[in-house]
Amino acid sequence: MATLESTRASAPGKFILFGEHAVVYGEPALAAPLQSLRARARVSRAAAETPIGLFLTADEISLRTHYANLKPTHPLAAIVRGTLQAVGSSGAPRAHLQVSSNIPIAAGLGSSAATAAAVAQALARFLQHELSPERLSELVFEVEKLQHGTPSGIDNTVIAHEQPVFFSKGASTEVLKLARPLSFVLADSGQRSSTRDAVVRVRQRYNSRRSAYQSSFTEMGNIARAARTALARGDSSRLGELMCRNHARLQEIGVSCPPLDRLVEAAIRAGAPGAKLSGAGLGGHIIAHVHRGDGDRVGSALAAAGARSVIMTELTPSANAA
Ligand code: PMV
């Protein structure tokens, strides 16, 4: 198959604003891309003297190996295989695939989905194909299933579309409408957590206390729907109140932990209209909504309360909003 000399692609991290975990049980959730953090991939034609096949390097995970040496279940092997199939290539090209990312791993910011998306698009381009956001999302979803067991599909959707979304499993995804730009601060608890473990833990508890968990999920779905309206109206105080209510429901289902609760409380004390954990929980990040111009002050309060790092981000009205 004809290839180009060298191709690149990148994909953003993401944060979940509302509805994590409940989304696995069919409720809606809201998520947005985090453009300041990205995974990048570059594919370049290998020199004639290098052995046949695809050589991979990923410095952040100290990986330097041939594609053929990776276990089939390795996420990079899975996304390469899926992409080759998607573009109708009979085998891996003779090339060098370099992967890099500044998205923290196991921190609820979508590092695995972003890496897979960047690799898929760079490799498809190398083979002279361009993957649509829908196709890209499907390919990444297959890898997410290998890694996380029963993912809802929200990470691959927001990362492939690079738009803030209102997402429900099995329904068409809406691009979120926003009345005005809104500011947020993400703070890292410093505690790493596994999405798979958190999802399994919730599933076990759900199986033993079905009606209590079902009502928490239903309530989280109602909160997510109300948040969509609050965003469309630009209603900061309502949005903040809904974030706090969502955090309380996440505590109820056992995915918060003292470091996350401390950061949520610190953000509220510093004047944030609302805050909650973001992502799978049991570590990772919290997200606080902040009034414009308050980001630095709330960020400092979060650092003083133990945050390892803080990230400022903004949701801005999109031209593509439905
Ligand atoms: O990838 P994380 O850690 O942001 O968590 C994903 C959100 C969950 O709802 C917990 C799982 C899922 O597949 O939606």
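Me: Before we look at Ala-280, what counts as a polar contact here?
Reply: A polar contact is a pair of N or O atoms within 3.5 Å. Bear in mind that this is a predicted model. With that cut-off in hand, the pair made by a backbone N or O atom of Ala-280 and an oxygen atom of the ligand qualifies, as their distance is 3.1 Å.

Me: How much of the ligand's accessible area does the protein cover?
Reply: On its own, the ligand has 370 Å² of accessible area. The share of this that the protein covers is 94%.

Me: Which distances separate oxygen atoms of the ligand from the side chains of Lys-14 and Ser-152?
Reply: Both residues are among those that come nearest to the ligand. For Lys-14, a side-chain N or O atom sits 2.7 Å from a ligand oxygen. For Ser-152, the distance from a polar side-chain atom to a ligand oxygen is 2.5 Å.

Me: Which helices and which strand each supply at least two residues of the shell around the ligand?
Reply: The shell draws at least three residues from each of domain 1 (6-167) and domain 2 (178-321). By type, its residues divide into 7 nonpolar, 5 polar and 3 charged. The elements you ask about are helix 4 (154-161), helix 5 (195-208) and strand 1 (6-18).

Me: Moving on to strand 4, which residue there is the bridge partner of Thr-57?
Reply: Strand 3 (residues 54-58) and strand 4 run antiparallel, joined by 4 bridges. Along strand 4, Leu-63 and Thr-65 point to one face and are buried, while the other face, which is not buried, has His-66 and the partner of Thr-57. That partner is Arg-64.

Notes. Residues are numbered from 1 along each chain as its sequence is written. This is a predicted model: local features need pLDDT of at least 70, side-chain atom pairs count only at pLDDT 80 or more; totals for chains, interfaces and linings use all residues. Side-chain values use heavy atoms; hydrogens and water are left out. A residue is near a molecule or strand if one of its heavy atoms lies within 4 Å of it. A polar contact is a pair of N or O atoms within 3.5 Å; within protein, one must be able to donate a hydrogen and the other to accept it, and residues adjacent in sequence count only if both atoms are side-chain atoms. Accessible areas come from the Shrake-Rupley method with a 1.4 Å probe; for residues, only the protein chains shown count as cover. Ala, Val, Leu, Ile, Met, Phe, Trp, Tyr, Cys and Pro count as nonpolar, Asp, Glu, Lys and Arg as charged, and the others, Gly among them, as polar. Domain bounds come from an automatic or database domain assignment. Buried means under 20% relative accessible area, exposed over 50%, partly exposed in between (1.4 Å probe, protein chains only). Two strands pair if DSSP finds at least two bridges between them.
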